[in-house]
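Notebook open, structure loaded. I'm jotting down what I look up as I go.

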Amino acid sequence: MSSYDLVVIGTGPGGYVCALRAAQLGLKTAVVEKRPTHGGTCLNVGCIPSKALLHASEAFEEATKHFPVLGITVGEPKLDLAKMMSFKQEGVDGNTKGVAFLLKKNGVETFQGTGRLAGAGRVEVKSEDGSNQILEAKNVVIATGSDVANLPGVTIDEEVVVSSTGALDLTKVPGKLVVIGAGVIGLELGSVWRRLGAEVTVVEYLDRILPGMDGEVGKQFQRILSKQGIQFRLSQKVTGVERTGSGAKVTVEPAAGGASETLEADVVLVAIGRVPYTAGLGLETVGVQLDNKGRIQTDDRYATNVTGIYAIGDVIAGPMLAHKAEDEGVAVAEILAGKAGHVNYGVIPNVVYTTPEVASVGKSEEELKKDGITYNIGKFPFTANGRAKVNHTTDGFVKVLADAATDRVLGVHIVGPDAGNLIMEVAVAMEFGASSEDIARTCHAHPTLTEAVKEAALAVEKRALHM
């Protein structure tokens with residue numbers, strides 16, 4: 001029986017980073033992974049493959065619609081979907097092999113199989129061939145991530161009715177794609193297939209897209225996506241999905257009740273969210289407590305109610321984001337090594353990788369109003385940014401929310417080109433308690449998109465220079 005200081009169950013972004021940091025700190029560490037490859041949902045069937053298809057489909061649309069405006073004549077582009085999927089898989093393979101290399105390089109022992117808690121300080125690993133082995137561990141970190149949330153009464157077959165996994169592996173462009181859910185996953189994958197030629201309709205139960213993000217951002221972003229050709233059916237609920245010979249029929253009705261209607265679809269994407277993956281982990285065997293949403297309950301040091309068992313990432317409370325899980329993985333490893341691991345949950349960026357991108361960090365206006373915090377707003381549109389103008393990427397704006405009394409930046413929201421990278425400037429600033437004036441007085445290179453961030457910060461005090 002092998003014995004370790006730490007055994008991590010799951011090698012997604014949280015799990016493998018936790019193991020790497022623990023090994024760096026001198027802990028004898030092992031990981032257990034049920035997939036043939038490391039990286040979890042993110043690297044295998046989530047973040048990485050979706051970004052590959054977003055990039056490839058954006059390039060296809062650029063060549064199709066925008067090259068002539070730039071004075072580039074290449075003829076009509078032809079889509080080779082099989083080749084595009086190979087491009088996607090090449091990126092997935094490179095990343096998952098990279099994780100395997102890092103684990104080996106840092107001396108982390110790896111076990112392929114399904115891991116479960118078999119008692120105090122014991123992890124059972126069941127391999128595909130049916131063999132079992134027991135690992136002894138002073139500490140166990142559960143980092144098993146999340147799974148697709150199912151819509152009651154709708155069966156996902158990954159052929160016609162697909163989850164995000166199936167939507168990343170379609171063999172042909174659907175004529176009509178119905179997306180159930182207007183969150184990040186639905187909008188990103190809907191954008192991919194819209195660019196490649198699908199007619200996309202998004203059905204959302206709420207009266208807005210991107211629930212949880214700043215309301216003004218959601219409204220403007222919906223207008224931008226509508227202009228691109230995505231159709232939205234808001235305040236609508238799906239009551240049934242029926243397979244037909246050539247596709248599916250989706251029955252929808254007003255969320256508040258009313259007459260139903262049917263939407264025809266070649267493919268239906270169910271993207272209503274994700275749920276913590278805790279099944280089969282043996283939590284009940286050792287008495288680990290869950291909350292009312294099925295998440296593992298932990299304290300501020302990621303410890304469960306059972307001594308020596310910890311949890312991070314999507315299986316605990318908080319946003320289901322890979323980078324949140326990574327930071328928690330580092331924090332718990334450092335705590336186990338006697339250091340002061342910590343995650344600042346007030347400064348975790350969130351990005352939607354469409355075109356344009358959407359990014360946010362900190363509080364939204366709705367949250368500030370709910371908390372009774374008075375604030376000032378600074379906004380600056382990309383239509384007034386020189387770099388965006390010359391590149392014809394003027395959709396969107398930067399919005400800075402600052403405390404009315406102290407000027408400390410409380411939240412920043414961006415719709416626009418490269419928003420996912422732009423948001424990191426303000427994330428660093430917020431981590432150090434910056435005011436809007438701190439950002440405004442920092443020299444920004446010209447001509448860059450970052451100048452829009454500076455101008456929005458200037459606008460907090462109504463002194464923007466270029467609008």
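**β21 and its partners**

I started with the pairing of β21 and β22 (residues 409-416): the two run antiparallel and are joined by six bridges. Picking one pair to click on, I found Leu-401 opposite Gly-411 of β22. This is a predicted model, so I keep that in mind for every entry here.

Next I looked at the turn of this hairpin. Five residues sit between β21 and β22, and Asp-407 has a positive phi near 70°.

Then the other neighbour. Strand β20 (residues 375-381) pairs with β21 through seven bridges, again in the antiparallel sense. Here I noted Asn-376, whose bridge partner in β21 is Ala-402.

How many residues of β21 are buried? Seven of the seven in 397-403 are, so the strand is largely enclosed by the rest of the structure. I checked the faces one by one. Phe-397, Lys-399, Leu-401 and Asp-403 are buried on one side, and Val-398, Val-400 and Ala-402 are buried on the other. I remind myself that side chains in a regular strand alternate between the two faces of the sheet.

**The parallel sheet**

I moved on to an open sheet of five strands. I read its order as β8-β15-β9-β10-β11, with parallel pairing. Which strands stand at the edges? They are β8 (161-162) and β11 (231-233); each has a single partner strand, so one side of each lacks a neighbour in the sheet.

Inside that sheet I traced β9 (residues 176-180) against β10 (residues 199-203): they run parallel, with five bridges between them. Ile-180 faces Val-203 of β10 as its opposite number.

Following the chain on from β10, I stopped at Leu-210, in the loop that leads to α7 (215-228). Its phi is positive, near 50°, and this is not a glycine. Buried or exposed? Leu-210 counts as buried, because its relative accessibility is 3%.

**Cores**

I looked up the largest nonpolar core and got 53 residues, with Leu-117, Val-123, Val-141, Ile-142 and Tyr-302 having the most contacts inside it. Helix α1 (residues 13-24) gives the most to this core, seven residues in its case. A second core, separate from this one, has 38 residues, among them Leu-81, Met-84, Leu-177 and Val-267.

I then listed what Val-123 touches beyond four places in sequence. The list includes Val-7, Ile-9 and Val-32, as well as Arg-116, Leu-117, Gln-133 and Val-140.

Tyr-302 got a second look. I found it in the loop between α8 (283-286) and β17 (309-311). Its phi is positive, about 70°, although it is not a glycine. Tyr-302 is buried as well, since its relative accessible area is 4%.

**Around Glu-188 and Leu-54**

I wanted to know where Glu-188 sits. It is in helix α6 (residues 184-195), and at 6% relative accessibility this charged residue counts as buried. What does Glu-188 touch, beyond four places in sequence? I get Ser-50, Lys-51 and Leu-54, plus the run Val-351, Val-352, Tyr-353 and Thr-354.

Leu-54 was the obvious next click. It belongs to helix α3 and is buried, at 4% relative accessibility. Its contacts outside the four-place window are Glu-188, Val-192, Arg-195 and Tyr-353. I also took one long distance: Leu-54 and Ser-131 are 77 residues apart in sequence, and their C-alpha atoms are 40 Å apart.

**Cis prolines**

I found a cis peptide bond from Thr-355 to Pro-356, with omega near 0°. Pro-356 is in the loop between β18 (350-352) and β19 (357-362).

Another cis bond joins His-446 to Pro-447, with omega about -5°. I placed Pro-447 in the loop between α13 (436-440) and α14 (450-459).

**On the surface**

Last entry: a nonpolar patch. Val-69, Leu-70, Ile-72 and Val-74 make it, and its area is about 370 Å². I put Ile-72 in the loop between α3 (47-66) and α4 (81-105). Ile-72 counts as partly exposed, because its relative accessibility is 36%.

Definitions and conventions: Residues are numbered from 1 along each chain as its sequence is written. This is a predicted model: local features need pLDDT of at least 70, side-chain atom pairs count only at pLDDT 80 or more; totals for chains, interfaces and linings use all residues. Side-chain values use heavy atoms; hydrogens and water are left out. A nonpolar core is a set of buried Ala, Val, Leu, Ile, Met, Phe, Trp, Tyr and Cys residues joined through side-chain atoms within 4.5 Å. Buried means under 20% relative accessible area, exposed over 50%, partly exposed in between (1.4 Å probe, protein chains only). Contact means heavy atoms within 4.5 Å. Patches are made of residues with over 30% relative accessible area and no salt bridge: like charges are joined within 9 Å, nonpolar side chains (Val, Leu, Ile, Met, Phe, Trp, Tyr) within 5 Å. Accessible areas come from the Shrake-Rupley method with a 1.4 Å probe; for residues, only the protein chains shown count as cover. A salt bridge is a side-chain nitrogen of Lys or Arg within 4 Å of a carboxyl oxygen of Asp or Glu. Two strands pair if DSSP finds at least two bridges between them.
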